[in-house]
Amino acid sequence: MLKRQIGTLFLVTCLILTTVPAALGAQNTITVNATSGSDAQTAINNAINSVASGATSSNPGYVLLSAGTYKISAPIILKSNVVLKGAGDSTIIFATGSVCNSAGSPAYVYGSGVSNVEVSNLQFQSTATGPGDGGHGDYRNCIKFTSVTNSKVHDILFNRYLYGDGVRIGKSSGIEVYNCRIQSSGHDGVSFLSGTKDSRMYNCYVEVQTNTGVRVDNCANIEVDHNTFTGSAGSGWCCVELENTLTNVDVHHNIMHDYKGSSSSAGIGNWNAKGSISVRDNVMWNVSPYVEVGSGTNILGPSDRSVENWVAKGYGYGSIGNASGAQTTTTENPTSGTDAQTTANETAVTETKENEVATTNNQTTANETAVTTTANEIAVTEPAPEQVVGTDTVSLPEENATSIVIDNRLREASPDTVYQEKAYIDIGGRPGVGKYRDLLLFDLSDYNDAENISNATLSLYWYYPDGRERPEDAVIEIYRPAATWNPENVTWNSRDNGVLWTQPGGDWFDMNNVSQGDAPYATITLNGTDIPDNRYYELNVTDLVKEYVSSEYENTGFLIKTRTENADYVAFYSSEIEDENQRPMLNIEEKAVA
């Protein structure tokens, strides 16, 4: 056999093809797919009504929303004992400014007088374009509960910008809001109002935009803990607003940092608050005033202003897990422009202090600096060509090796920044930061006979996190990007200058030609207990390469991601690494010609 090895290039694209079920019969679980048009709530509400008919608190009904954008023209109405669950950030509820803008239609997802409901794994988007579009607290909320009991909202991304509150809760009890990322909203991030009791908000990341991160008004037995609040929009007035008569409100183990509002920049804001209020064990810096109401001891203006370090000590978003309370160990400063990573009792890795220029779609530049390490951390810069090269699992090229290597990172936390010249490519998710994906494109112009290709192997050199375990397994997956992209302009949001992805983070087809599907062309698993051993790991991409060579599909390269994209972050060396024996490689074996 002949073996040929090729360098890498990155590529990304967007496309969503979805359908609605032909019929919704009474059953315990119904899956709804996105369609064109602006009335997606009709199919969703039909599914909710169907599964609710036989659901109980011990045997709930499930409505599962596949990946895609669901444009609504009226509310999604919740029913008791029903779970509404998306596929994560790839399931988008989208509404215009005229939708859900009345007392009878106050929210995109609305529950009134129901119990035992759960809303999770969604992203909310709207046509709002800035802080001035928001401020309408009564209407155009993403999720609103009125007189709801024993219900949950979790793992939601509230994307900037939005019109009303992220989650608005009134006259309810037993409500939990957790594991949410609120990247600015038009009013409050979360609000507990009008006699709500026995409820909790925890493990959320909130960027305050228009009013507050969380508001507690005339409530009892409310706990706000282990959240991170920040925001530089220059609007709003506090991270946590405490208002009117409160009973047993406990605000603790939150991080509030680097918040700048318009009328105020308070950590704990007071609006006629009175009652039993505990504000304790919070860490605050660069907010002012710190605490306007409540009793308790807090850590104010610490010299250590590393979010990662405080998370490792048990404060803020990422310091606790989901509803089970499982401890998480990986986080990053969500407001930092760097790719720092630290974990509890683990070492830290920093990027080189290179004053790097990152190109953005509007041709502006952003300089990145190194993250400061502290005691018990070890700073590792990159590249690291002195590391041991492990090539025992990869056949080195015998002929026709190419050096064409261009690769791009896609970083959710920096959605408009181009990452083309890093010494690494990284994938997975990091609590408090977001997701990472990568695009690879290989030059296949030397091949013209797909039937003559017997094997194609993508080899990636795994080096990070150095010597450490991770909270989750990293299940690495390869998909076919849906269209070409420009490596000089591609970002999380765009595939070229002025050309947005249909789905932020890149659009793809799976091996069954399903848009945003979940059947990868190739996959391997790096167990959470595994540590990088500085060698190549291989993915069999024969089917995809043969599809490209046969011209069945245009060669758009590989999109690489992890399956769960949650606490499973790993990094490989890129084409920029100095040692060519550590760069990504594609080995193609051909049948010997007689």
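Tutor: Let's start with a term: a residue is buried at under 20% relative accessible area, exposed at over 50% and partly exposed in between (1.4 Å probe, protein chains only). Helices (H or I, at least four residues) and strands (E, at least two) are DSSP runs, numbered from the N terminus. This is a predicted model, where local features need pLDDT of at least 70, side-chain atom pairs count only at pLDDT 80 or more, and totals for chains, interfaces and linings use all residues. Residues are numbered from 1 along each chain as its sequence is written, and side-chain values use heavy atoms, leaving out hydrogens and water.

Student: How many of the eight residues of helix H3 are buried?

Tutor: Happy to help! H3 spans residues 542-549 and is largely enclosed by the rest of the structure. The buried residues are Thr542, Leu544, Val545, Glu547, Tyr548 and Val549. That enclosure follows because the buried count is six of the eight.

Student: Is Ser575 buried or exposed?

Tutor: Ser575 sits in the loop between strand S40 (570-573) and S41. Its relative accessible area is 8%, so Ser575 is buried.

Student: Which side chain does the side chain of Ser575 join in a polar contact of 2.8 Å?

Tutor: A polar contact is a pair of N or O atoms within 3.5 Å; within protein, one must be able to donate a hydrogen and the other to accept it, and residues adjacent in sequence count only if both atoms are side-chain atoms. At 2.8 Å, the partner of Ser575 is Asp407.
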